[in-house]
Amino acid sequence: MSSPLPAAVVRSLREIVGRGHLITEPDRLVVYESDGLTAYRVPPRAVVLPASTEEVSRVVAVLHAANIAVIPRGAGTGLSGGALATAEGVVVGTARMNAILEIDASNRLARVQPGVINARLTEAAKPHGLYYAPDPSSQSTCTLGGNVAENSGGPHCLKYGVTSRYVTSLTVVLAHGRVVSLGGAGADPNASLDLVGLFVGSEGCFGIATEIEVRLLPIAEGVRTLLGIFDTMEAAGRAVTSIMGIGLLPAAMEIVDNATIRAVEASVFAAGYPIDAGAALIVEFDGTEAGLDADADRAEACCVQEGASAVQRAAEADHRAALWKGRKKAFGAMGRIAPDLLVQDATVPRTRLPEVLVRIAELGERYDLKIANVFHAGDGNLHPNILFDRLDLDELDRVERASKEIMALCVEVGGTITGEHGVGIDKRDYMPLVHGPEELAAMAAAKAVFDPDGLFNPDKVLPLRTQGTEPAAGAEA
Amino acid sequence: MTERVTTSLSDVVPEEALSLPSTDWGRFGPGANVVVCPSNVDEVAATIRWAGATGTRVVPIGTGRHTEGNEPSGDFLLLSTSRMASVQIYEPGDLTLTAEAGLGISALSKVTAENRQWLPFDPVDFPRRSLGGLGAAGQTGPLWTGYGELKNHILGMTVVCGDGRFLKLGGRVVKNVAGFDILRPVVGSRGALAVITSLTVRLFPRPVVDRLLVLEAKSLVDLVGPARAVAMASVLPASIVLVRERNVCQLLVRLHGAAETADADQRTVEAAAGVPFVAVDGGSARVLADSVRDIGGESDLALHAFVLPSRLRELLAIVNDMVDLNVCADVYRGSLRVSCAPEADADEIATRVRHGMERVAEDVVVERLPRGSTHSLGTSRVRSDAVLELERGVKRVFDAGNVLWDGRP
């Protein structure tokens with residue numbers, strides 16, 4: 001149980017944000033005790049909801065003056081425990097900072113506050129013929145501030161890239177409330193060090209982004225979606241390699257395996273995928289209408305050549321949504337199979353996918369666990385979903401061991417432990433699988449540049465031993 | 001190269017790694033104490049440690065041909081990665097390549113062309129750069145419009161820091177958020193943070209059609225309207241460039257894709273601009289695009305101005321009547337590069353252009369000047385104390401002893 005905040009701190013925070021925007025009642029704090037990764041739960045000492053950069057700055061100054069950790073939080077949809085209120089911290093939420101400040105259509109830019117929902121920005125840009133490209137699966141609820149913190153991707157980042165490609169400038173609140181502007185769309189991108197690029201993906205450990213400028217893209221004229229049904233995962237994987245090998249660059253390529261198909265088809269989200277299929281592959285092209293059918297024809301030929309038993313194609317929005325349904329509802333459907341779900345996230349070189357999937361299946365058998373795979377096949381970003389019951393302690397132990405082995409396997413073949421969910425607290429102790437002590441020390445030193453006292457989102461991303469050696473490189477100099 | 005330096009360095013790197021300073025190594029060549037060309041990471045680290053111990057600054061270079069910025073004063077050596085030029089991992093199916101930093105872009109392109117893959121960037125003199133030099137410069141060229149910035153496609157690096165530490169940054173996969181992205185500030189830092197020894201880059205499939213749409217006009221400002229209309233159209237070209245060389249003004253719109261796509265995009269571009277373009281395809285398109293890319297590469301003057309794209313007209317208006325200037329504008333970014341013919345008085349031109357641009361532009365960067373110029377290299381943008389402090393902090397993470405030269409203008 002966290003200790004209550006000192007009365008003087010409470011008074012100061014209330015004065016800044018108003019009585020209604022400081023939450024200290026235990027029953028209301030329960031909402032903030034975890035993010036999307038519910039396996040970890042810690043109730044914060046308090047939650048503060050500022051409304052402006054100035055308020056964030058003052059809130060951070062008060063908390064840091066009292067040596068209290070700040071835990072930044074967007075919508076709480078993260079899947080790595082990044083918003084967990086560790087170190088007796090106070091959550092600073094951006095929910096009230098939800099204004100789209102400007103859509104600058106003539107420069108294809110938008111300026112937003114961090115609490116703006118990802119999909120809402122695309123809606124706002126739509127009348128200008130523009131949209132915001134990164135589309136994490138939680139885009140109807142996740143915030144741009146959270147996307148910046150996590151460097152979020154999404155199904156369409158195969159073609160369009162992740163958040164860092166789109167952020168042109170940031171206003172950030174750093175330690176003790178210092179406000180700093182970084183970058184700028186109209187400036188020479190190489191005139192200074194890429195501090196924007198360094199800040200994006202820092203998981204709330206460097207500071208809080210309070211204003212975000214992003215690039216927008218023109219809405220594609222047309223879209224074609226293919227759904228290929230395969231007898232085996234290997235065949236679907238070969239089709240992915242074949243499509244990329246002939247020079248096509250789809251906007252998205254997603255695979256769901258048999259276990260997932262069965263879960264979806266047995267649920268209220270049934271999408272009409274054949275339940276005996278080994279895998280379903282979704283391939284989507286977007287762009288100039290005139291070239292789409294030719295691209296789709298070539299991709300379909302690849303699927304057939306690799307053994308697809310059926311290939312459906314859709315151009316209209318409703319039909320496309322139907323083909324996507326089995327993919328998009330996969331996580332929801334798994335809820336009826338097991339009470340708990342661990343959504344793993346790791347990336348491997350695309351050509352190693354078939355081998356890795358076979359070995360993940362073997363791990364599932366060895367640990368007697370049900371593992372269902374849903375993943376971004378085009379960029380090798382796997383999401384093995386381990387189904388379990390957290391009340392079964394033996395099973396929980398097997399989940400943890402299998403999970404670690406999956407990550408080690410991905411690293412062994414040249415991949416990494418997280419492609420888009422971030423490290424947070426969940427993968428913090430697995431960081432040594434991919435980074436040596438020197439690299440971890442350099443990361444700790446980089447954090448210390450922005451947060452010398454270690455008061456932003458402590459205990460996240462870096463193994464605790466590394467955090468203890470923070471002053472080694474950067475802070476002392 | 002003094003005998004003292006040679007003798008001392010011979011203790012840490014083989015004789016064949018040492019070379020005489022000369023203009024062959026670029027602008028800083030003649031002033032260097034020595035040029036060191038290590039053949040592996042250990043020799044890079046040994047050289048840097050030696051430099052730190054002897055108070056010698058290190059200027060990392062690839063070939064040295066594209067070195068810009070301020071020359072160090074005092075003792076310095078050039079550390080060239082030119083002998084570290086092997087392809088380490090190339091898996092066409094993954095569309096990724098890992099190579100040592102000294103690999104030339106033209107050599108890399110030959111390797112990837114066998115699989116119809118390429119690195120879609122076009123900074124000045126692209127083929128004659130090294131992969132490491134490209135990463136250190138962080139320059140993408142106008143093709144960023146269609147493909148994104150270089151920094152988004154450098155997936156991993158190995159580097160040697162100012163104290164000889166060896167770091168592996170990033171990885172080999174296209175999506176990777178395992179830890180803080182300390183690779184990003186190294187890209188574009190021009191060697192100020194670390195010596196890049198290898199890189200992993202994302203490759204792209206070569207487009208089936210490479211088409212250049214060309215529109216000529218009497219003056220640059222006559223082309224701004226069509227250029228902006230194309231930039232605001234519903235298609236996203238690979239690049240949109242406005243050029244003037246030897247008083248010939250052209251708008252060039254590059255389209256990549258399948259044949260049907262290129263045809264349809266051309267119709268959209270022409271409808272947006274309200275005029276027909278001349279279309280050049282294939283090898284001829286590439287030759288023309290390459291010649292435009294390299295405008296000003298040999299000039300004594302290189303001046304780069306940046307605005308938001310909607311204000312590009314104001315910037316172009318400043319140079320519109322200065323017909324002795326060569327101009328290359330990236331319409332989608334809103335940047336303008338100015339150079340001059342070899343016979344021109346570069347210093348006088350800099351005087352004429354610079355102040356006008358500084359009134360309009362968010363950033364004016366003087367990247368190259370003739371020797372003896374009355375101007376100085378540098379940027380007009382004033383960075384806040386807070387940003388400078390953060391930059392100094394990041395520098396300390398990599399090079400606390402300030403061994404690596406920060407020559408950024």
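Below is a chat about the contacts in a predicted model.

Biologist: Before we start, what are the ground rules for this model?
Modeller: It's predicted, so local features need pLDDT of at least 70 and side-chain atom pairs count only at pLDDT 80 or more, while totals for chains, interfaces and linings use all residues. Residues are numbered from 1 along each chain as its sequence is written, chains are lettered from A and ligands numbered from 1 in the order written, and side-chain values use heavy atoms, with hydrogens and water left out.

Biologist: OK, how many residues does each chain put into the A–B contact?
Modeller: Chain A gives 87 residues and chain B gives 73, with contact meaning heavy atoms within 4.5 Å.

Biologist: And what area do they bury?
Modeller: About 6400 Å² between them, 59% of it on carbon and sulfur atoms. That's accessible area (1.4 Å probe) that two parts lose on being put together, summed over both.

Biologist: How many salt bridges between the chains?
Modeller: Four, counting a Lys or Arg side-chain nitrogen within 4 Å of an Asp or Glu carboxyl oxygen. Arg178(A) pairs with Glu389(B), for instance, with the closest N and O atoms 3.5 Å apart.

Biologist: Switching to chain B, which domains does it have?
Modeller: Domain 1 (3-80), domain 2 (87-205) and domain 3 (209-379); the bounds come from an automatic or database assignment.

Biologist: How far apart are the centres of domains 2 and 3?
Modeller: 25 Å, taken over C-alpha atoms. Each of those two domains of chain B puts 18 residues into their contact.

Biologist: Which salt bridge can I look at there?
Modeller: Try Arg128(B) with Glu298(B), at 3.6 Å from N to O. The rule finds two salt bridges across that interface of chain B.
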